[in-house]
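Trainee: I have a model open and would like to work through it with you. Can we take it by question and answer?

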Amino acid sequence: MFVRPLKTIFVVGMLALMSLPATAAAEEFPPKAEKFIVNLAKDAITKLTDKSVTLEEQEQRFREIMKEYIAFKTIARWVLGGRYWRSATDEQQEQYLALFEQLMVSTYAHRFQNYSGETLDVTGVRSVGEMEALVQTTLMRPNADKPLRVDWRVRGSGEVIKVIDVMVEGLSMAQAQRSEFSSVMRDNGGDINALMEILENRLETARADRLASTEEATK
């Protein structure tokens with residue numbers, strides 16, 4: 001779902017906050033969020049840039065990181081929209097979440113094989129709400145004219161911290177996806193099956209692109 005330059009999906013931070021007052025926990029959250037993003041970048045590079053693994057193993061590693069470190073279901077429900085999610089049947093909800101996950105994996109997992117020394121540097125961090133922070137970073141790319149500005153919105157809940165949005169050059173990836181999905185749903189009278197048909201078509205295209213990319217790399 002997140003845009004092409006954003007190839008990293010990252011680490012769970014364990015927060016020892018249960019015994020602290022809520023205000024103290026909120027005050028301490030931004031530094032923890034910063035550490036979380038630093039660790040998350042290292043974790044992605046370590047696990048996802050290994051060129052010796054098979055495509056299937058690469059996708060499995062990506063899926064595990066995505067599920068563990070990204071608020072995947074929260075994002076998937078939010079980009080669909082609350083009223084559309086609530087109006088869907090249990091079966092439709094399950095099918096939608098599965099398609100959303102498969103599309104992310106097929107679209108992005110293999111791109112980590114193209115890693116060529118990019119680094120993520122933290123430039124700032126600020127609180128944006130109770131137990132939420134925006135970690136500002138730059139993605140340094142070899143041979144690029146300038147670094148890419150990437151901001152990570154992270155949220156803490158109990159002992160868990162996860163990414164809930166990524167902004168590239170100020171553009172929210174979650175908001176962009178929500179706007180697109182809302183347009184599709186409105187144009188089709190709120191029929192989630194129409195959206196899922198589009199997602200299925202994109203999934204087929206992503207899988208074809210993945211295979212083509214893999215074959216090209218092995219030549």
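Mentor: What follows is a set of short questions and answers on this predicted model.

Trainee: How many helices and strands does the protein chain have, and what pattern do they follow?

Mentor: The chain has seven helices and six strands. Their order can be read along the sequence. The pattern is β-α-α-α-α-α-β-β-β-β-β-α-α.

Trainee: What share of the residues counts as buried, and what share of the contacts joins residues at least 24 apart?

Mentor: Burial is taken over the 219 residues of the chain, and 45% count as buried. The contacts considered are those between residues at least 6 apart in sequence. Of these, the share joining residues at least 24 apart is 61%.

Trainee: Which residues of helix H3 are buried, and where do they lie around the axis?

Mentor: H3 covers residues 72-80. Its buried residues are Phe72, Ile75, Ala76, Val79 and Leu80. Seen down the axis, they fall within an arc of 130°, so they line one face of the helix.

Trainee: What phi does the residue just after H3 take?

Mentor: That residue is glycine 81. Its phi is positive, at about 105°.

Trainee: Are H3 and H5 roughly parallel or roughly perpendicular?

Mentor: Helix H5 spans residues 90-108. The axes of H3 and H5 are 10 Å apart, and the packing angle is about 110°. An angle of 65 to 115 degrees counts as roughly perpendicular. The two helices are therefore roughly perpendicular to each other.

Trainee: Which residues make that contact, and what are their classes?

Mentor: H3 contributes Phe72, Lys73, Ala76, Val79 and Leu80. H5 contributes Tyr96, Leu97, Phe100, Glu101 and Met104. By class, the contact has eight nonpolar, no polar and two charged residues.

Trainee: Is methionine 66 buried or exposed, and how far is its C-alpha from that of valine 105?

Mentor: Methionine 66 sits in helix H2, residues 55-69. Buried means under 20% relative accessible area. At 0%, methionine 66 is therefore buried. Valine 105 is 39 residues away along the chain, and the C-alpha separation is 8.6 Å.

Trainee: On to the strands. In which sense do E2 and E3 pair, and over how many bridges?

Mentor: Strand E2 runs over 119-129 and E3 over 132-140. Glycine 129 stands opposite glutamate 132 in E3. Serine 127 stands opposite alanine 133 in E3. The pairing is antiparallel, over nine bridges.

Trainee: What is the phi of methionine 131, and is the residue buried or exposed?

Mentor: Methionine 131 lies in the loop between E2 and E3. This hairpin has two residues between the strands. The phi is positive in a residue other than glycine, near 60°. With a relative accessible area of 12%, methionine 131 is buried.

Trainee: Why call E3 largely enclosed?

Mentor: E3 has nine residues. Seven of them are buried, so E3 is largely enclosed by the rest of the structure.

Trainee: Which strand pairs with E3 over eight bridges, and which of its residues stands opposite alanine 133?

Mentor: The strand covers residues 148-157 and pairs with E3 in the antiparallel sense. It is E4. Its residue opposite alanine 133 is valine 154.

Trainee: How many bridges join E4 to E5, and which residue is the partner of aspartate 151?

Mentor: E4 and E5 run antiparallel, with eight bridges. In their hairpin, two residues lie between the strands, and glycine 158 takes a positive phi near 65°. In E5, the bridge partner of aspartate 151 is methionine 167.

Trainee: How many residues of E5 are buried, and which residue of E6 stands opposite methionine 167?

Mentor: E5 is mostly covered, with seven of its nine residues buried. E5 and E6 pair in the antiparallel sense over two bridges. Opposite methionine 167 in E6 stands serine 172.

Trainee: Which residue in the turn of E5 and E6 has a positive phi, and is it buried, partly exposed or exposed?

Mentor: The loop lies between E5 (160-168) and E6 (171-172). The residue is glutamate 169, with a phi of about 50° although it is not a glycine. Most residues other than glycine have a negative phi. With a relative accessible area of 39%, glutamate 169 is partly exposed.

Conventions
Residues are numbered from 1 along each chain as its sequence is written. This is a predicted model: local features need pLDDT of at least 70, side-chain atom pairs count only at pLDDT 80 or more; totals for chains, interfaces and linings use all residues. Side-chain values use heavy atoms; hydrogens and water are left out. Helices (H or I, at least four residues) and strands (E, at least two) are DSSP runs, numbered from the N terminus. Buried means under 20% relative accessible area, exposed over 50%, partly exposed in between (1.4 Å probe, protein chains only). The arc is that of the directions from the helix axis to the C-beta atoms. Two strands pair if DSSP finds at least two bridges between them. Axes are lines fitted to C-alpha atoms, for helices over the stretch in contact, and angles run from 0 to 180 degrees between N-to-C directions. Angles under 35 degrees count as roughly parallel, over 145 as roughly antiparallel, 65 to 115 as roughly perpendicular and the rest as oblique. Contact means heavy atoms within 4.5 Å. Ala, Val, Leu, Ile, Met, Phe, Trp, Tyr, Cys and Pro count as nonpolar, Asp, Glu, Lys and Arg as charged, and the others, Gly among them, as polar.
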